[in-house]
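Here are a few short exercises to work through with the model open beside you. Try each one before reading its solution.

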Amino acid sequence: MGKQSVRLMLVGADGGLGSVVRDIVGNETDWALIEVGRRTVRREGVEEGFDSGSRAAWRSLFDSREWRPTVVVNTAAITNVDACETARPEAWRSNVTLVENIAAECKRHACKLIQISSDYIFDGAAGPYGEHATPNPINYYGKTKLAAENACIGAEINHAIIRTMWLYGEGRRGKPSFVSWLVDTLAARKTASVVTDEIGNPTLYDDVAYGIIKIIERDYSGTLNIAGPDLVSRWEFAQTVARIYNLDAGLLNPVQSGELKRAARRPLRSGLISFHVQTLMGLRLTSLADGLGTCRVIELRMAR
Ligand SMILES: NC(=O)c1ccc[n+]([C@@H]2O[C@H](COP(=O)([O-])OP(=O)(O)OC[C@H]3O[C@@H](n4cnc5c(N)ncnc54)[C@H](OP(=O)(O)O)[C@@H]3O)[C@@H](O)[C@H]2O)c1
């Protein structure tokens, strides 16, 4: 696809996933890229102030020829699950109202919207979940992510929803991930309490980024799971991190999810079945050992 055919607006471009999408799209496609943050918009070296919370700001952004996209990828959200539980109005504004505003502009300009969603729309009673499983969120973050999916569907626009979970990647991007927290904690020789009864698929940011590119290239519409191939407990995830980063697994302290004093409940038996994205799109998903190994090598190179 030529540069003129895809003008990709990436919302949440400075977050963990957003920054990986930005790098991969920048390096591997010739698409025009418009980066949107909370307070700025950028394209080809031009940066302007922006208020992502303002409906009028979205309208004028889409109305201007220079900034108007052909496809929007929304990676922005408040992803701190406990903060969403306690600061609900703010969580709703970022995770739902923002999506409603973007979807309304996509409708006005016949633009495609790709929205990033989460396994937290499920209750974790009977995972792993396929795309057609029935949602039943058990915390506020999950409720906002489900409401955002419904905003995309209700807008009656060309859209795709990607559900993913337990994202990790190299470096220090966006909110600290489970992996970066664990590596920092164990490297400082501190103990880390890790739950044994939460199950899911650790997912490399890059796999989601390549999935987004395939969805755009094929103009796929609908809901797709993109999660790593290993279904493990948080405890097994932590053991693998300690092994690959050569850190002391003896510092890991096993706990049950309910023992941690957290504001939000977590889905326990979760996980996402990513069969369709592999068969329909030919997307290759990275094993946890390979993903962590690659992250470690890149981080060692960067530290030199
Ligand atoms: N991380 C995971 O394990 C995980 C799992 C399942 C699904 N997801 C979904 O994947 C997507 C990306 O997550 P991530 O890991 O990249 O999260 P992240 O590192 O926390 O990045 C989210 C980005 O969104 C921005 N943002 C939040 N509210 C905004 C607003 N109102 N306007 C503009 N920007 C706003 C944040 O900016 P500030 O820093 O200024 O807040 C941040 O740059 C999210 O939709 C998340 O729900 C993540």
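## Exercises on a predicted model

Asn-246 sits in the loop that links α8 (234–244) and β14 (252–255). The model is a predicted one.

**Exercise 1.** Work out whether Asn-246 is buried or exposed, and find the sign of its phi.

*Solution.* Start with the neighbours: Asn-246 has 9 C-beta atoms inside 10 Å. A residue is exposed at 12 or fewer, so Asn-246 counts as exposed. Now turn to the backbone: the phi of Asn-246 is positive, about 55 degrees, although the residue is not a glycine.

**Exercise 2.** Do the same for Arg-189, in the loop between α6 (178–187) and β9 (192–195).

*Solution.* First, the phi of Arg-189 is near 60 degrees, a positive value in a residue other than glycine. Next, count neighbours: 9 other C-beta atoms lie within 10 Å, so Arg-189 is exposed.

**Exercise 3.** Check the length of helix α7 (residues 205–218), then ask how many of its residues are buried.

*Solution.* The expected span is 1.5 Å times one less than the number of residues. For the 14 residues of α7 that gives 20 Å, and the end C-alpha atoms are 20 Å apart, so the two agree. As for cover, 10 of the 14 residues of α7 are buried, among them Tyr-205, Gly-211 and Ile-216. Just after α7 comes Asp-219, with a positive phi near 50 degrees.

**Exercise 4.** Which form, cis or trans, does the peptide bond from Gly-127 to Pro-128 take?

*Solution.* Look at omega: it is near 5 degrees, and the bond is cis. Pro-128 belongs to the loop between β6 (112–118) and α5 (140–154).

Key
Residues are numbered from 1 along each chain as its sequence is written. This is a predicted model: local features need pLDDT of at least 70, side-chain atom pairs count only at pLDDT 80 or more; totals for chains, interfaces and linings use all residues. Helices (H or I, at least four residues) and strands (E, at least two) are DSSP runs, numbered from the N terminus. A residue is buried if 20 or more other C-beta atoms lie within 10 Å of its own, exposed if 12 or fewer, and partly exposed in between; C-beta atoms are placed from the backbone.
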